Amino acid sequence: MHKAIYLSLGAPHLEYPGVEAALRAEGVEARMVHIDAFEALDLEDVDLVNLRMCRWYHKDPAFRQRVENVHRRLQQVRRGPVPMANPLPLVIDALDKGRYLRKLGQDGIELIPTRWIDKGTAFNLSHLMEEQGWTDVVVKPTISSGSWNTIRVSRRGPSLDEHHFVLEGDAFAREGDLAALAQTHDLIVQPFLPSVLEFGELSFVFLGGRLSHTVRKTVGAGGWWAHERLGGCNFRWTPSPRDEAWAVRVNDALERRYGPLWFARVDGIHTGDGRIQLLECELAIPRLLLQEGQAFGTYARVIAEGIRRVKAAGGTRAVPETPAAAVPAVAGAAVA
């Protein structure tokens, strides 16, 4: 049996049990280890370390340093370096939307229009909205997970929930809290795209460099977030050729910059004219929507094949190239 360590912060993705079972069927023994215990972990028989279960990393201000320490130990294993999924440069960038999204924008990927607010900047959201011509915006920290401190602010109401605010003149109920947050965190401000309410978001999941499955995430009645814990629904979806080509371009841009990836999730939202703009990528600690995509087996085959290829290469390559046969060419049946 090959051995893979999944590090966590105590609250892993709910899909982990399915991951563990699927990996065992492919000859990989997965073990969950809290990151606090990593320094004492014997790595001599470990074939892969995966950070994918470290949810709520934004609550740990030293998390980046801890990831770098993990990588350092993996490079010092006596029998040769142990690969980390994904590679360190990508993981470091992926923890901060202000890093990887700007780079993808420089690489020609169309983002949702974004104003970047540097930490310590005093700004007035109403004035920014007026300056940009935006009447409805989403504000969030660049380092965040689980929609932490994400709010929507509109010029007109009604408010849809406790995270949605309507301007009264030039202010709103959380103005002071937002100003305080801007002193400690980089923020992004983006226009709210109405197609989220009508269609939802699309998540394209890549495994071993190939598109494995696509999931459509819809908004619950009376809400504005495309998330099942807020009443939305997630289901497998066959994207249009245009949408799939867009997602492949994003993944290709990531691999040109960072090298081959073990996994990636690319989230996009349609514009009014049917194009897709990039909302975010989940590259370090993603939920890969394996249940919705019926893809636990595909995921496990990609991980197992990757480990075998790295070992065959003597551990000298941090990320494997996965053959096309490991990932089905068809993403699933369309759901209307």
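Is Gln294 buried or exposed? In this predicted model, Gln294 counts as exposed, because its relative accessibility of 62% lies over the 50% cut-off. The residue sits in the loop between strand 14 (276-282) and helix 9 (296-312). Its backbone is worth a look too: phi is near 50°, a positive value in a residue other than glycine.

Trp56 is another non-glycine residue with a positive phi, here about 65°. This tryptophan belongs to the loop between strand 3 (48-53) and helix 2 (63-75). With a relative accessibility of 28%, Trp56 counts as partly exposed, because that value falls between the 20% and 50% limits.

Next come the cis peptide bonds. One of them links Ala85 and Asn86, with omega at about -10°. Another runs from Gly157 to Pro158, where omega is near 5°. Pro158 is part of the loop between strand 7 (151-154) and strand 8 (164-166).

Asn86 deserves a paragraph of its own. Its place is the loop between strand 4 (84-85) and helix 3 (88-94), and with a relative accessible area of 0% it is buried. What does the side chain of Asn86 reach? At 2.8 Å there is the backbone nitrogen of Trp262, and a polar atom of the same Asn86 side chain lies 2.9 Å from the backbone oxygen of Leu283. So this buried side chain, at 0% relative accessible area, has polar contacts with backbone atoms of Trp262 and Leu283. Setting aside neighbours within four places in sequence, the contacts of Asn86 are Val91, Leu261, Trp262, Phe263 and Leu283.

Strand 4, which comes just before that loop, also takes part in a sheet. The sheet is open, has 4 strands in the order 2-1-3-4, and its pairing is parallel. Its edges are strand 2 (28-34) and strand 4, each of which pairs on one side only. Helix 1 (residues 16-25) packs on this sheet and touches strand 1 (2-8), strand 2 and strand 3; the direction of the helix makes about 150° with that of strand 2. Strand 3 and strand 4 run parallel and are joined by 2 bridges. Within this part of the sheet, Val49 stands opposite Met84 of strand 4.

Helix 2 brings in Glu68, a partly exposed residue with a relative accessible area of 26%. Which residues does Glu68 contact, leaving aside its neighbours within four places in sequence? They are Leu88 and Ile92, both of which fall within the range of helix 3 (88-94). Glu68 and Pro89 are 21 residues apart in sequence, and their C-alpha atoms are 9.7 Å apart in space.

Helix 5 (residues 125-132) has two sides to it. Leu125, Ser126, Leu128 and Met129 are buried. Viewed down the helix axis, the buried residues fall within an arc of 160°, so they line one face of helix 5. In general, an α-helix has 3.6 residues a turn, so residues three or four places apart point the same way. On the other side of helix 5, Glu130 and Glu131 are exposed. What do the buried residues of helix 5 pack against? Their partners are strand 5 (115-117), strand 6 (136-141), strand 7 (151-154), helix 6 (175-184) and strand 9 (187-191).

The two ends of helix 5 have their own details. At the start, a side-chain oxygen of Asn124 comes to within 3.0 Å of the backbone nitrogen of Ser126. Just after the helix, Gly133 takes a positive phi of about 75°.

That leaves the cysteines. How many disulfides does a search of the whole structure find? The count is 0. A disulfide is a covalent bond between the sulfur atoms of two cysteines. Why does Cys54 not form one? The closest cysteine sulfur, in Cys281, is 19 Å from the sulfur of Cys54, which is too far for a bond. Cys54 is buried, with a relative accessible area of 0%, whereas Cys233 is partly exposed at 44%.

Key:
Residues are numbered from 1 along each chain as its sequence is written. This is a predicted model: local features need pLDDT of at least 70, side-chain atom pairs count only at pLDDT 80 or more; totals for chains, interfaces and linings use all residues. Side-chain values use heavy atoms; hydrogens and water are left out. Buried means under 20% relative accessible area, exposed over 50%, partly exposed in between (1.4 Å probe, protein chains only). A polar contact is a pair of N or O atoms within 3.5 Å; within protein, one must be able to donate a hydrogen and the other to accept it, and residues adjacent in sequence count only if both atoms are side-chain atoms. Contact means heavy atoms within 4.5 Å. The arc is that of the directions from the helix axis to the C-beta atoms. A disulfide is a pair of cysteine sulfur atoms within 2.5 Å. Two strands pair if DSSP finds at least two bridges between them. Axes are lines fitted to C-alpha atoms, for helices over the stretch in contact, and angles run from 0 to 180 degrees between N-to-C directions.
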